[in-house]
Amino acid sequence: VGTIHGLPTYSALLALWVMLFGYPQMIGVQTVLYLCLIFLMYFLTQNMGMKKVISCLVTLLAAYSPIVVWGSKSSLTELGLTLICSVFLYILTGRERLACLAGIPLVGFAFFHISIYVFMPVFILGLFLLYVMDGNKGWLISVLVTLAGYLISAFWSFDIAPYYSYGNYSVL
């Protein structure tokens, strides 16, 4: 009898990749996530109003950062979490500010890694403060989507990986 360490979302992604491309190519899913992160880094810097030269420089620094390269070659969840957080930042910095979409990557985070419970108060407070600052009700929609997704993911994690989940939540 063993205990699964973590939530099985990333493991399922690896298994799907193995079914499609074979076991020797399992880490290839990390290459796709890595490429998505690199492109997203450029788009994120453009959203922030940086000049193209600076955006390219930041993108190159991210692409050649030792921790990012290491993460893209290991079978750990960190690169996926970085991508999820980058999508969240991309939405926050968007010119059109599609506020109602900000909860989607946070729900993805909740199903991807159990550490969401540590960051949840910051995310909720941040989204609520954005609503207070600009009055866009999309931020409130994102708060509700995030809370609903988190609640569902919590019950799911307690059901699918009870020992791991209860162990992580026991510090609360």
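How much space lies in the largest pocket? In this predicted model, the largest pocket holds about 290 Å³ of space. Fifteen residues make up its lining, and those closest to its centre are His5, Gly6, Tyr10, Ser11 and Thr77. Sorted by character, the lining residues of this pocket comprise eight nonpolar, six polar and one charged. Helix 1, which runs through residues 9–21, supplies the largest share of the pocket lining, with three residues.

Before a closer look at that helix, the overall fold deserves a short introduction. The secondary structure of the chain consists of nine helices and zero strands, giving the pattern α-α-α-α-α-α-α-α-α when read along the sequence. Taken along the principal axes, the C-alpha atoms fill a box of roughly 50 × 35 × 30 Å. The chain has 172 residues, and 40% of them are buried.

Helix 1 can now be followed from end to end. With 13 residues at 1.5 Å a residue, helix 1 should span 18 Å, and this agrees with its end C-alpha atoms, which are 18 Å apart. Tyr10, Leu14 and Trp17 are the residues to look for here, as they are buried in helix 1. Seen down the helix axis, the buried residues fall within an arc of 60°, so they line one face of helix 1. A general property of such helices helps in reading this arrangement: an α-helix has 3.6 residues a turn, so residues three or four places apart point the same way. Met19 and Leu20, on the other side of helix 1, are exposed. Tyr10 thus links two parts of the picture, because this residue is buried in helix 1 and is also listed among the residues closest to the centre of the largest pocket, where buried means under 20% relative accessible area.

Helix 3, covering residues 52–63, can be read in a similar way. For its twelve residues, 1.5 Å a residue gives an expected span of 16 Å, in agreement with the 16 Å between its end C-alpha atoms. Which residues of helix 3 are buried? They are Ser55, Thr59, Ala62 and Ala63. Around the axis these buried residues cover an arc of only 95°, which puts them on the same side of helix 3. Val53 and Leu61 are exposed, and they sit on the face of helix 3 turned away from its buried side.

Attention turns next to the aromatic rings. A search of the whole structure finds twelve aromatic pairs. One of these joins phenylalanine 128 and tyrosine 131 in a tilted arrangement, with 6.2 Å from centre to centre and 45° between the planes. Why are these two residues about one helical turn apart? They are separated in this way because they lie three residues apart in helix 7, which covers residues 116–134. Phenylalanine 128 is partly exposed, with a relative accessible area of 41%, and tyrosine 131 also counts as partly exposed, at 23% relative accessibility. Elsewhere among the aromatic residues, Phe88, Phe109, Phe119 and Phe123 form one cluster.

Tyrosine 131 also offers a way to compare separation along the chain with separation in space. From this residue of helix 7, serine 142 is eleven residues away along the chain, and the C-alpha atoms of the two are separated by 10.0 Å. Another such pair involves threonine 146, a residue of helix 8 (residues 138–160). Threonine 146 and glycine 108 are 38 residues apart in sequence, yet their C-alpha atoms are 9.3 Å apart in space. Is threonine 146 buried or exposed? Its relative accessible area is 1%, so threonine 146 is buried.

Helix 8 leads on to the enclosed space of the model. The structure holds one cavity of 30 Å³ or more, and about 40 Å³ of space lies in the largest cavity. Its lining is formed by Leu7, Ala110, His113, Ile114, Ile116, Ser153, Ala154, Ser157 and Tyr169. Helix 8 gives the most to this lining, with three residues. By character, the residues around the cavity divide into six nonpolar, three polar and no charged, while the lining of the largest pocket includes one charged residue.

Conventions. Residues are numbered from 1 along each chain as its sequence is written. This is a predicted model: local features need pLDDT of at least 70, side-chain atom pairs count only at pLDDT 80 or more; totals for chains, interfaces and linings use all residues. Side-chain values use heavy atoms; hydrogens and water are left out. On a 1 Å grid over the protein atoms alone, a cavity is a set of points where a 1.4 Å probe fits but cannot get out, and a pocket is an open set with protein on both sides within 12 Å along at least five of seven lines; lining residues have an atom within 4 Å of a point. Grid points are joined across faces, edges and corners, and a volume is the space filled by probe spheres set on the points. Helices (H or I, at least four residues) and strands (E, at least two) are DSSP runs, numbered from the N terminus. Ala, Val, Leu, Ile, Met, Phe, Trp, Tyr, Cys and Pro count as nonpolar, Asp, Glu, Lys and Arg as charged, and the others, Gly among them, as polar. Rings of Phe, Tyr and Trp (its six-membered ring) pair if their centres lie within 6.5 Å; planes under 30 degrees apart count as stacked, over 60 as edge-to-face and the rest as tilted. Buried means under 20% relative accessible area, exposed over 50%, partly exposed in between (1.4 Å probe, protein chains only). The expected span of a helix is 1.5 Å times one less than its number of residues. The arc is that of the directions from the helix axis to the C-beta atoms.
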